[in-house]
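Open the model in your viewer and keep the selection panel handy. We will go from stop to stop, and at each one you get something to select and something to look for.

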Amino acid sequence: MRRPFVAGNWKMHGTRAENAELIEALLLGLPGEVQVDIAVCPPFVYLWEVGRLLKDSSVALGAQSVCAEPLGAFTGEVSATMLKDVGVEYAIVGHSERRALYKEDDALVARKFVAAQSQGIVPILCVGETLEERESGQTMDVVSRQLSAVLDVAGVAAMRNAVVAYEPVWAIGTGKNATPEQAQEVHAHIRSAVAAQDATIAAGLRVLYGGSVKAGNAREIFAMPDVDGGLIGGASLKADEFLEICTAARPSG
Ligand code: PGA
């Protein structure tokens, strides 16, 4: 049985004051028995402070990226060792904004994945197609390519300590989510690609859906058999909305 997981990707949002308010509201609103793993991924500069605010809570700390290199002259970068040092447990790698805007290719994403795991940080590997790719029938090929790039470098065993997020690019921040059936189709494809190498690992792998998840559509998306939770952008910035999404991910619904 896969434990559901909901992660909030704050992107480049927040101030110290807003973060404190958001975390306070989140922790106050969380039920005692959560039944869902929850993480928030603030910008690097706030990781330490948000980590302090989350101390002794059931909400984990995640980063939005990680440097592929371990240490050295890489101006502007943050290493996995540093993330670990400030209490980070998860790191998003291969988010489509980083792939598109910062030209991160499959090879770099795979190296970031490995760098995170080298410090015991669980990578949240994002994969997903653009609208053009979907419309030309390439969705499964694109997702397979993005996944294989990591499997080839890290090996299937690495998927024991990883999470995959299917995030169709056309659904991110657009208000246009994939239908539950569209998500299920790709999630099943991701799981079967991993199962082709190791069925047990595939059965335990959590595959999240991301792209315009809101309180209003989370339940039907999370109800799909291969959807194990969500990676939430905009809606993770509002405590009430994020809490409702976390509740929707509970196995009991
Ligand atoms: P969104 O973003 O929920 O705002 O669409 C999701 C993401 O980019 O991870």
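How many residues surround the ligand, and which are the closest? Select the ligand and show its surroundings: 13 residues surround the ligand, and the closest are Lys11, His95, Glu167, Gly173 and Ser212. Before going further, please keep in mind that this is a predicted model.

**Stop 1: the ligand and its shell**

Colour the shell by residue class. You should find four nonpolar, seven polar and two charged residues around the ligand. Now turn to the oxygen atoms of the ligand. Select Gly233, where a backbone N or O atom lies 2.9 Å from an oxygen atom of the ligand. Then add Gly234, which also has a backbone N or O atom 2.9 Å from an oxygen atom of the ligand. From the side-chain direction, pick Asn9: a polar side-chain atom of Asn9 lies 3.5 Å from an oxygen atom of the ligand. If you display surfaces, note that the ligand taken alone exposes 280 Å², of which the protein buries 95%.

**Stop 2: Asn9 and Lys11**

Stay with Asn9 and show the secondary structure. Asn9 sits in strand E1, which covers residues 5-9. Is Asn9 buried or exposed? Asn9 counts as buried because its relative accessibility is 5%, and the cut-off for buried is under 20%. Show the residues that Asn9 touches beyond four places in sequence: Cys41, Gln64, Ile92, His95, Leu231, Ile232, Gly233 and Ser236.

Next, draw a distance from the side chain of Asn9 to the backbone of Lys11. A polar atom of the Asn9 side chain lies 3.1 Å from the backbone nitrogen of Lys11. Select Lys11 itself, in the loop between E1 and helix H1 (16-29). With a relative accessible area of 18%, Lys11 is buried. Check the backbone angles too: phi of Lys11 is near 50°, a positive value in a residue other than glycine.

**Stop 3: Gln35, another positive phi**

Move on to Gln35, found in the loop between H1 and strand E2 (37-41). Phi of Gln35 is near 65°, again a positive value in a residue other than glycine. Gln35 counts as partly exposed, at 24% relative accessibility.

**Stop 4: the nonpolar cores**

Hide the ligand and turn to the interior. The largest nonpolar core has 68 residues, and the members that touch the most others are Val40, Leu125, Met159, Ile190, Tyr209 and Phe222. Which helix gives the most to this core? Select residues 239-248: this is helix H11, which gives the most, with six residues.

Now centre on Tyr209. Beyond its neighbours within four places in sequence, Tyr209 is in contact with twelve named positions you can add in turn, among them Tyr166, Pro168, Ala171, His187, Ile221, Val227 and Leu231. A second, separate core has 13 residues, including Ala7, Tyr90, Ala165 and Leu231.

**Stop 5: Asp228**

Select Asp228, in the loop between helix H10 (215-222) and strand E8 (229-232). Why does Asp228 count as buried? Asp228 counts as buried because its relative accessibility is 7%, and buried means under 20%. Draw a distance from the Asp228 side chain to the backbone nitrogen of Val207 and you will get 2.8 Å. Around Asp228, leaving out neighbours within four places in sequence, contacts include Arg2, Arg3, Arg191 and Arg206, along with Pro4, Phe5 and Leu208.

**Stop 6: two helix residues**

Return to helix H11 and select Thr247, which lies in that helix. The side chain of Thr247 reaches the backbone oxygen of Leu243 at 2.9 Å. Thr247 counts as partly exposed, at 31% relative accessibility. For a long view across the model, add Gly137: Thr247 and Gly137 are 34 Å apart in space, C-alpha to C-alpha, and 110 residues apart in sequence.

Finish at Val114, in helix H5 (residues 106-118). Val114 is partly exposed, with a relative accessible area of 35%. Not counting residues up to four places away in sequence, Val114 touches Val153 and Ala154. Add Glu69 as a last selection: Val114 and Glu69 are 45 residues apart in sequence and 9.9 Å apart in space, C-alpha to C-alpha.

Key
Residues are numbered from 1 along each chain as its sequence is written. This is a predicted model: local features need pLDDT of at least 70, side-chain atom pairs count only at pLDDT 80 or more; totals for chains, interfaces and linings use all residues. Side-chain values use heavy atoms; hydrogens and water are left out. A nonpolar core is a set of buried Ala, Val, Leu, Ile, Met, Phe, Trp, Tyr and Cys residues joined through side-chain atoms within 4.5 Å. Buried means under 20% relative accessible area, exposed over 50%, partly exposed in between (1.4 Å probe, protein chains only). Helices (H or I, at least four residues) and strands (E, at least two) are DSSP runs, numbered from the N terminus. Contact means heavy atoms within 4.5 Å. A residue is near a molecule or strand if one of its heavy atoms lies within 4 Å of it. A polar contact is a pair of N or O atoms within 3.5 Å; within protein, one must be able to donate a hydrogen and the other to accept it, and residues adjacent in sequence count only if both atoms are side-chain atoms. Accessible areas come from the Shrake-Rupley method with a 1.4 Å probe; for residues, only the protein chains shown count as cover. Ala, Val, Leu, Ile, Met, Phe, Trp, Tyr, Cys and Pro count as nonpolar, Asp, Glu, Lys and Arg as charged, and the others, Gly among them, as polar.
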